[in-house]
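Reader: Hey, I've got a protein to look at for class and don't know where to start. Can you walk me through it?

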Amino acid sequence: MSEQLANSKKVFLKTYGCQMNVYDSSRMQDALEQDGYVATSAIEDADLVLLNTCHIREKAAEKVYSDIGRIRQIKEARAEAGKSMTIGVTGCVAQAEGAEIIARAPAVNLVAGPQTYHHLPDLVRRAREGERVVETEFEIEEKFEQLPAATSTQHRARGVAAFLTVQEGCDKFCTFCVVPYTRGAEVSRSVEQIMDEARGMVAGGVREITLLGQNVNAWHGTGADGREWGLGELLFELSSIPELERLRYTTSHPVDMDEGLIDAHRKLQCLMPYLHLPVQSGSNKILKAMNRHHTIAEYLAIIERVREARPGIAISGDFIVGFPGETDKDFEETLALVREVNYASAFSFKYSQRPGTPGADMEAQVLESVKNERLQRLQALLNEQQESFNKTCVGKTVDILLEKQGKRQGQLIGRSPWLQSVIVDDTLGAPGEVVRVKITTAAPNSLTAVAA
Ligand code: SAH
Ligand code: SF4
Ligand code: F3S
């Protein structure tokens, strides 16, 4: 080990929650590495521990506090050995709870909300010098412009499939959701910035980019031709980057699913045939109470248009059961919608009352036992659909992007166009290559394949 590495400070970063946090964590790690830190996966060795947190449901937020309890003991053990440890909480719990975190967990030295990461090296320095730092301002300046670009080596270390946040924040204010409060107003990054970052990623070996946003399809910006572009046009522009084999995007809101984006699915072969389009509920009454701004009929019409544009596209979704006022009949309508759409995959959750959101104060909160029962029934149906979607893939010849080593020796994991993991023999190629395979078996969560 070089002297510089031996002397450098070590950072341990744990990420909770959504893909935007995964992306933010990578940007924070890059900035800290360029400030002299080295990432470590051994928390006992860490001079700095950052917990990049999620506030979306109560369980997610509470998990952070139990983790801090454990980390405090490690911090104490280090102190006995004469070594310090700075603990920082970033992400959506940091934004939502601010200084309360330090009041509740005094081992924490630093609290930094999602819009402050461009100041992180500085905030960390102050915390290491003994200050209790709480930074939760929403600044006008954009953090991504100010954070240092990742180096080619940093991209390479992360693998061939990567995230790129193009839009952040949300103006929709669904009545169950904390995101507009924790991430702030909807902001789109510029075409120029996105193209620069994408080119840098590809130069660093990335072959698949997933564009991210809390409402990614609300992205808009001034295009290279001077016109106002939507996500569809941005995808066309990105498709011109040589060696960028695949594009994806997530998460979309039904209301922002415009013709330009559907056209991109029709014409762009590099745009993978997969659409994550959360609906949350199959009841118009509940959708209205959730402030979703569309009906079930409108949702189904979008799915039909997308399927017409890209036959065979995999549809995925998010569902909440037990939103206030949800009756048995409303829930049956959710099951009916799921049967009608036939999802390739989906996430489903019990409604969680979040402080400060309108849903938390609504009357007719649903009993926990009822939520449990509904979630079980919904998940049984969704799992069945996922399994049968996977089974329909057996015998098909498809291109997969090889991503990384598998769990077993001699295996590689690739990704199908429909986002399934595909296990293949490592003689088929190397990570970063797109290879043609024939799917041989299907399990609930993965497929296996051989050379076609
Ligand atoms: N922007 C996306 C969702 C982001 S949050 C959209 O509009 O669909 C990710 C998912 O978490 C949501 O789709 C929803 O299903 C779930 N979720 C959000 N708030 C929740 C809450 N209070 N309780 C339970 N699930 C929630
Ligand atoms: Fe939350 Fe609704 Fe915004 Fe999605 S659209 S992030 S669910 S407020
Ligand atoms: Fe969680 Fe914040 Fe993402 S609340 S889901 S980490 S935007």
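**A first look at the chain**

Author: Sure. Keep in mind that this is a predicted model. Let's begin with burial: of the 452 residues in the protein chain, 54% are buried.

Reader: Okay, and how many helices and strands does the protein chain have?

Author: There are 16 helices and 21 strands in the protein chain.

Reader: What about its radius of gyration, and what would a compact globule have?

Author: The protein chain comes out at 23 Å, and a compact globule of 452 residues would be near 22 Å, so the two agree. The C-alpha trace spans about 60 × 60 × 50 Å along its principal axes.

Reader: Which residues have the most contacts inside the largest nonpolar core?

Author: That core has 54 residues, and the ones with the most contacts inside it include Ile209, Leu231, Tyr249, Tyr343 and Leu238. Take Leu238: leaving out residues up to four places away in sequence, Leu238 touches Ile194, Met195, Ala198, Leu211, Leu244 and Leu247.

Reader: And what's in the second core?

Author: The second core is separate and has 23 residues, among them Ile71, Ile102, Val108 and Val111.

Reader: Switching topic: how many positive and negative side chains are there?

Author: The protein chain has 51 positive and 62 negative ones, and the centres of those two sets are 5 Å apart.

Reader: Last one, how much area does the protein chain expose?

Author: About 19900 Å², with carbon and sulfur atoms supplying 51% of that.

Technical notes
Residues numbered from 1 in each chain as written. Chains lettered and ligands numbered in written order. Predicted model: local features only at pLDDT ≥ 70, side-chain atom pairs only at ≥ 80, totals over all residues. Heavy atoms only, no water. Helix = DSSP H or I, 4+ residues; strand = E, 2+ residues; numbered from the N terminus. Rg over C-alpha atoms; globule rule 2.2 N^0.38 Å. Buried < 20%, exposed > 50% of the residue type's maximum accessible area, 1.4 Å probe, protein only. Areas by Shrake-Rupley, 256 points an atom, 1.4 Å probe, with all protein chains shown as cover. Lys, Arg positive; Asp, Glu negative; His and termini not counted. Charge placed at Lys NZ, Arg CZ, Asp CG, Glu CD. Core = buried A, V, L, I, M, F, W, Y, C linked by side-chain atoms within 4.5 Å. Contact = heavy atoms within 4.5 Å.
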